[in-house]
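Work through the exercises below with the coordinates open. Try each task before reading its solution.

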Amino acid sequence: MTVESLIALIPALPLAGFLFAVLVGPRIDRMPAHGHDAHGGGHADDHGSHSGHGGESHDTHGEVDDSTFRPIPSEEEQRATSPHAGHADDLANSNGADGVIPADLNDGIGQVGHVVEGGPRPVYRSWWVPTLLVAIGWVFSMVVFANVIFGGHTYHVSLYEWIGSGSFHVQIAFLVDGLTAMLLLVVSTVGLLVHVYSIGYMDGDRGLWRFFAYLNLFMFSMLLLILGDNFLMLYVGWEAVGLCSYLLIGFWYKKPSAAGAAKKAFIVNRVGDFGFGLGIMMIWTLLGTLDFEQVFASIGTLDPTAITVISLLLFAGAVGKSAQFPLHVWLPDAMEGPTPVSALIHAATMVNAGVYMVARANPIFAHSPTAMWVVASIGVFTAIFAAAIALTQNDIKKVLAYSTVSQLAYMFFALGIGAWVAAIFHLVSHGFFKGLLFMGSGSVIHGAAGEQDMRFLGGLRDRMRWTYVTMVVGSLALAGIPIFAGFFSKDEILGEAFGRGYYLFWAVGLVVAFMTAFYTFRMVYMTFHGKWRGPRDAWQHVHESAPAIVTPLVILAVPTILVGLFLGIPPEGGLIHGWLEEVFRGAEELGAGILPGSIAAGGHEGFGLWPGGVLLLAGASVGAAGIWLAYRWYVLDPEAPARFVARIPLGLGPGMYAASVNKYYVDDLYGLVWARGGVVLGNALWWFDAKVIDGAVNGAGWLAQRYGALLRRSQTGHVQNYALGMAAGLVVVLVAFLVFRS
Amino acid sequence: MGLQAYLVVSAMLFGIGMFGFLARRNAILMLISIELMLNAVNLSLVAFNAYAYYAQNDTGAIFSLLVMAVAAAEATVGLALVIAIIRTRQTPEVDEYSDLKE
């Protein structure tokens, strides 16, 4: 088979998997009749109590007051406040132990880690075809990857003309160059591992076939997005991954929080996609084509203002999809979805689509210094903004979610300053280690029977050794410790910023790196170190997750360690630069010279020992400092954070803490402005419709009725009255004739 | 005695007919009043014709013959209807015939 046919097959395979899972899946899975709770006894009750645990730890641990600084409650406190202690029975009853909801209807509820030992096992057959197809797709992807990267080829595969209408032509065609190959590597690898992981994670869920159908549909859409060779195919993939994101966030659709989060993600994305769609339409209007090569070849002929407008519109789409400020609010809420979804879609692949799109459209952006400034500024601001929120979050997945927002912002920061390769490098390494971290957090949640509030975890390293080790590897990468992937890619971004003269951005980036290391290891220490802070009886059931869950973690730890060493040495001259040189050549030549604030006109060629070595050392030391601080505060001296907050001058400490915990009130602001505002506006419009529009319509009818009632009197039924009318008419006509004759 | 005299008689006849139609309550008499008005018109037509006022070739006379034919038909149909109504209503008074109001 030629490489071209392999490329065409890569997206087709998961599409086939999707069809299989949808059409055949529900017929071949078997759930135990009337469920496992019947066998579980008290144990089942215990599990039932976890079903309500979404991301909203505020609800389940409502008594813990978030506004005061109390990251880890004392033992007595948490005994008193933990839902496991007091009203576990109530919760269990409401969720089916007594049959309010049949216990075997575990579909769309979202219990995690609920298969009872010794009970009847569900029989799943629907996962293997989708997973096998994705595995075959992974093999094909690796062949294509090797051909592109090591063979130096660029493939154009044109299947057929999709739209041919006048001068508007769109092909179903694939373009695989270095950039697409890098994305292919991440998407296929993480995608395959998440499939394997889901087999273990979704065990016991009635909707397993549905889950694999959505996963395959997502793989298809994402591959379409990165393989398409024109803006329309990119857009189709873009919207389709958005749909899959919606479906998978709301996978446990009976949880109101999950259903709400799904809607939120979809609606917030619409805002950005609206701009993205407008940008694509503008490209077609001005250039008459959507084909990447033709657009990029002729973009320079346009008016600079037009290019800026196009770039900003496209970037609006990226802001939505990649969860940048001010459209970042959906991503943390998206953690309501099952954790494999968080790992695949909301960390490793879909959220990278914005970065990919900006990188793909680099010839457009490079023509507009204004747009580049906007990209870089949004990136830098979001990076520190999201990192500052991640510092105080207590939900393990929320920490990772804000970390993802922050790291994606790092990539935009790199794109904006023209460090294209560094951005893609960070995308690849982040895709691996953040996928690893999310899957690790899923393993924790699974092993701890649904608990994801870090205040009620702790000491898990004794029970979950594999998860602990792999999570630490991922965390070291995220914290930017040398030899791990994140160190090289993050350092490259910071180095480029410094080398190009963006000293302020560089300084902020360094602060973000410090915060990143701190919150990452805060998470590790709170989860794995110290003592178990959950209810005592729950500790009995804490266990290492199934092999299907742990194996992907171990596999992902390998690229997390190796990607940086392999691609990133020497800094700013590693292998990845050679692979992506072709893609970004035009933009590099054009961009470096014209960017405002840049001192390195004509490109930047890496550093010598000075200042390069010092920059490396600075990057590594802030990471180490963050870890050290987290160790001091969360292992050695748990009272230290509270003392630190108290020491902040002017008494600002508690306020700052509350602001961070409450995500700087952005959600509340949006809720007030958009949600409440929408209701108010809707009410106003409803009033206008009911009173004014309907009033006019009804008024017309009323008027006709009134006149009709008046005229009705003239219908006497007496023929002589009518005759008199005629005679009167005749007289009127005669008089008029005589008067107006002249 | 010129054209005016004929027209005066015609107008008087028409006025009597109209008065009769509006004032009388008996359906038969109302029909007769209609005939009076038609004949008033006929009279004016033949008068105009005799004085060759509008046309040369006896148009007025021929038109009055046409009016007579129409009047005969109208009287026939009208009387038949009135008799039918009188039979069902047992009265010739048109005040009783007000079922078609509203």
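**Exercise 1. A helix pair**

Task: Find the angle and the axis separation at which helix α20 (residues 396-416) and helix α23 (residues 485-499) of chain A pack.

Solution. The model is predicted. Fit the two axes: they lie 10 Å apart, at an angle of about 35°. Next, take the handedness: α20(A) passes α23(A) in a left-handed crossing. Now list the contact. α20(A) supplies A:Tyr410, A:Phe413 and A:Ala414, while α23(A) supplies A:Lys490, A:Ile493 and A:Glu496. Sort these residues by class: four are nonpolar, none is polar and two are charged.

**Exercise 2. The nonpolar core**

Task: Determine which residues of the largest nonpolar core touch the most other members.

Solution. The core has 219 residues. A:Val375, A:Phe413, A:Ala423 and A:Ile424 touch the most other members. By element, helix α10 (residues 208-227) of chain A gives the largest share, 17 residues. Now take A:Phe413 and leave out residues up to four places away in sequence. Its contacts are then A:Ala376, A:Gly379, A:Val380, A:Ala383, A:Ile493, A:Phe505 and A:Gly509. A second core is separate and has five residues, among them B:Met18, B:Phe21, B:Ala27 and B:Val94.

**Exercise 3. Helix α14**

Task: Compare the span of helix α14 (residues 304-321) of chain A with the expected one, then decide whether the helix is enclosed or open.

Solution. Start with the length. The helix has 18 residues, so at 1.5 Å a residue it should span 26 Å. The C-alpha atoms at its ends are 26 Å apart, in agreement. Then count burial, with a cut-off of 20 or more C-beta neighbours within 10 Å. Of the 18 residues, 13 are buried, so the rest of the structure largely encloses α14(A). Finally, look past the end: A:Ala323 follows α14(A) and has a positive phi, near 55°.

**Exercise 4. Unusual backbone**

Task: Locate A:Ile483 and B:Gln90, and classify each as buried or exposed.

Solution. Begin with the rule: most residues other than glycine have a negative phi, and most peptide bonds are trans. A:Ile483 is not a glycine, yet its phi is positive, about 75°. A:Ile483 sits in the loop between α22 (465-479) and α23 of chain A. It has 12 C-beta neighbours inside 10 Å, so it counts as exposed. B:Gln90 also has a positive phi, about 60°, without being a glycine. B:Gln90 belongs to the segment after α3 (59-89) of chain B. With 8 C-beta neighbours inside 10 Å, B:Gln90 is exposed.

Now check the peptide bonds. The one joining A:Phe325 and A:Pro326 is cis, with omega about 5°. A:Pro326 lies in the loop between α14 and α15 (330-333) of chain A.

**Exercise 5. A loop glycine**

Task: Place A:Gly501 and find its C-alpha separation from A:Ile417.

Solution. A:Gly501 is in the loop between α23 and α24 (503-528) of chain A. Count its C-beta neighbours inside 10 Å: there are 17, so A:Gly501 is partly exposed. A:Ile417 is 84 residues away along the chain, yet the two C-alpha atoms are separated by 9.6 Å.

**Exercise 6. Between the chains**

Task: Count the residues of chain B and chain A that are in contact across the two chains.

Solution. Eleven residues of chain B contact ten of chain A. Then classify the chain B side: six nonpolar, one polar and four charged.

Terms used. Residues are numbered from 1 along each chain as its sequence is written. Chains are lettered from A and ligands numbered from 1 in the order in which they are written. This is a predicted model: local features need pLDDT of at least 70, side-chain atom pairs count only at pLDDT 80 or more; totals for chains, interfaces and linings use all residues. Helices (H or I, at least four residues) and strands (E, at least two) are DSSP runs, numbered from the N terminus. The expected span of a helix is 1.5 Å times one less than its number of residues. Two residues are in contact if their C-beta atoms, placed from the backbone, lie within 7 Å. Ala, Val, Leu, Ile, Met, Phe, Trp, Tyr, Cys and Pro count as nonpolar, Asp, Glu, Lys and Arg as charged, and the others, Gly among them, as polar. Axes are lines fitted to C-alpha atoms, for helices over the stretch in contact, and angles run from 0 to 180 degrees between N-to-C directions. A crossing is left-handed if the near helix is turned anticlockwise from the far one by less than a right angle, and right-handed if clockwise. A nonpolar core is a set of buried Ala, Val, Leu, Ile, Met, Phe, Trp, Tyr and Cys residues joined through C-beta atoms within 7 Å.
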